[in-house]
Amino acid sequence: MTKQDAPHLLYVAWGYPPCRGGGVYRALATANAFAEKGWRVTVLTANRETFTMGTGIDSTLEAQIHPSITVVRVPFTSGAYQTDIRTWSFWRAHAPELWNGYRARKDIRSFPEGTYGGWRTPLEEAAVRIHRANPVGLTIGTANPHVDFTPGLRLHKDFGVPYVMDYRDAWQLDVFSGRRLTPPGSPQDTWETELVESAREVWFVNEPIRAWHAKIYPAHAEKMHVVANGYDADMAKFSDQPRPGREQGLVLGYIGTISAHVPMRELFDGWALARSRSPLLASSRIDIYGYLDHSGIPNDRILALLSEFREQGIRYLGPVGKSEIADTYHSFDALLLVLGTGKYVTSGKVFEYCATGLPVASIHDPGNAATEILEDSAAWIATPDLSAEAIAATLIALAERAVNQTSSERHAVQDWAAQYERSNQLLPRIRALGAPHDTTASESEAPR
């Protein structure tokens, strides 16, 4: 089969390199995985200026895009990401509240999703142009934003192209509270119902979210699959050698975005208590890397906490590029998985944490979906609740595990975690959708 004969995948992802948002890693890896299996891949995404002016960028990610992938960038004109006032119209500059209300209503009329709804028309038009120039065999949209699903539906209606919906979170489910966000019959529900009914497959990041949607759409449960986030082996070369000098003081690490849902106050209170009880932790520190909120604007509450606990051996060191992630993990002796409460919450970071082989302490509600991933790890320590007493006991146990871990123990955990390498999560679905160079595997080979 020549490259020109290979099937053409249109992959739709608002957040794609150089966007620095958490979902970008799944988008990057999924498009790359299809390209590596012989598909011709076109990625439909937003223009670079959107990320430069809005979410912020991670310039190291663009070098990770598979060289065969064609990236088509569609201008994204939402006011939320137009922060340069020199580009504003006279009306917006002089009546911003009226302008924002008008723009929000206009966006929602196009597609019922705040900030992103207005992108539907240019996105669908771009998809049609791409298909007419180079016929598409499959569309995958990854959300959120959920407007990423609309090109798949458009190509399906107009040209019969099958499509896949890839949910990183959920549209009508609050993954933290478990509450349904929109009632049956709402515009969001109407759109989602049509999308699910017509989709070839629907992917979710964990079983609790899949099960919730299967209950809402029982007639379509068979097309719903778990495709866990996994970790990127080509970006993270983890060492099985414990750090020299750890006996004099440990380095506990956290890497990830700190949103308002993350219980950092509880962690810091427990850490201060643990340091008062453990001589080893009294000479240890916590190093925190990542963004202080999803928006790119630092969370004032987190900044205040960091200032309050400055004398407790807590350092905030800013974001870290994906290409530098392995070296950052090499500087740690143990990891802190700090997550918001919710049985539907996994976090993509949990797989990377597992893959390092380092001891991991879960500073989150035991009912989180992340517990199902970690419970078989020999390096995992759970926190029974989020009280300062419980967290302090967990951190003391983590310190003991970290200071005594051997190379062979760390290596064994790394071997166990290999099942969560991202390509192992994606490969069964790629095969099921008809990968041109790899069609021998069955559904039974899906990872745990």
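**A walk through the predicted model**

Thr150 lies in helix α6, which covers residues 150-159, and it makes a convenient place to enter this structure, which is a predicted model. With a relative accessible area of 1%, Thr150 is buried, because the cut-off for that class is under 20%. The side chain of Thr150 reaches back to the backbone oxygen of Val147, at 2.9 Å. Once residues up to four places away in sequence are set aside, the residues that Thr150 touches are Phe111, Arg120, Leu123, Glu124 and Trp191.

The surroundings of Thr150 can be read together with those of the helix that holds it. The buried residues of α6 are Thr150, Pro151, Gly152, Leu153 and Leu155, and they pack against the strands β1, β4 and β5 as well as the helices α5 and α7, the latter formed by residues 187-198. After α6 comes Gly160, which has a positive phi near 75°. On the other side of the helix, the loop between β4 and α6 contains Asn144, and the peptide bond that joins Ala143 to Asn144 is cis, with omega about 20°. Most residues other than glycine have a negative phi, and most peptide bonds are trans.

A second cis peptide bond can be found by turning to the loop between β1 and α1, where Pro18 has its place. This bond joins Pro17 and Pro18, and its omega is about 15°. Pro17 appears again among the contacts of Val24, a residue of helix α1, which touches Gly15, Tyr16, Pro17, Cys19 and Leu61 when residues up to four places away in sequence are not counted. Val24 counts as buried because its relative accessibility is 1%, against a cut-off of under 20%. Between Val24 and Ala13 the separation is 11 residues in sequence, and their C-alpha atoms are 8.3 Å apart in space.

From Val24 the view widens to the whole of α1, residues 24-36. The 13 residues of this helix should span 18 Å at 1.5 Å a residue, and the C-alpha atoms at its ends are 18 Å apart, so the expected span and the modelled one agree. Helix α1 is mostly covered, with 12 of its 13 residues buried; these are Val24, Tyr25, Arg26, Ala27, Leu28, Ala29, Thr30, Ala31, Asn32, Ala33, Phe34 and Ala35. An α-helix has 3.6 residues a turn, so residues three or four places apart point the same way. What covers the buried residues of α1 includes the strands β1 (8-12), β2 (40-46), β4 (138-143), β5 (163-167) and β6 (201-204), together with helix α17 (422-432). Just after α1, Gly38 takes a positive phi of about 100°.

A positive phi is also found at Thr115, a residue other than glycine, where the value is near 75°. Thr115 lies in the loop between α4 (96-110) and α5 (120-133). Thr115 counts as partly exposed because its relative accessibility is 30%, which falls between the cut-offs of 20% and 50%.

Further along the chain, helix α16 (residues 407-417) holds Gln414, a residue that is buried because its relative accessible area, 13%, is under the 20% cut-off. A polar atom of the Gln414 side chain lies 2.9 Å from the backbone oxygen of Thr356. Thr356 is also one of the residues in contact with Gln414 when neighbours within four places in sequence are left aside, the full set being Phe238, Ser239, Asp240, Ala355, Thr356 and Gly357.

Enclosed space in the model can be considered next. There are two cavities of 30 Å³ or more, and the second largest cavity holds about 30 Å³ of space. The residues that line the second largest cavity are Ser362, His364, Pro366, Thr371, Trp380, Ala382 and Thr383. By class, this lining consists of three nonpolar and four polar residues, with no charged ones.

These local pictures belong to a protein with 17 helices and 13 strands. Of its 448 residues, 56% are buried. Among the contacts between residues at least 6 apart in sequence, 75% join residues at least 24 apart.

Conventions: Residues are numbered from 1 along each chain as its sequence is written. This is a predicted model: local features need pLDDT of at least 70, side-chain atom pairs count only at pLDDT 80 or more; totals for chains, interfaces and linings use all residues. Side-chain values use heavy atoms; hydrogens and water are left out. Helices (H or I, at least four residues) and strands (E, at least two) are DSSP runs, numbered from the N terminus. Buried means under 20% relative accessible area, exposed over 50%, partly exposed in between (1.4 Å probe, protein chains only). A polar contact is a pair of N or O atoms within 3.5 Å; within protein, one must be able to donate a hydrogen and the other to accept it, and residues adjacent in sequence count only if both atoms are side-chain atoms. Contact means heavy atoms within 4.5 Å. The expected span of a helix is 1.5 Å times one less than its number of residues. On a 1 Å grid over the protein atoms alone, a cavity is a set of points where a 1.4 Å probe fits but cannot get out, and a pocket is an open set with protein on both sides within 12 Å along at least five of seven lines; lining residues have an atom within 4 Å of a point. Grid points are joined across faces, edges and corners, and a volume is the space filled by probe spheres set on the points. Ala, Val, Leu, Ile, Met, Phe, Trp, Tyr, Cys and Pro count as nonpolar, Asp, Glu, Lys and Arg as charged, and the others, Gly among them, as polar.
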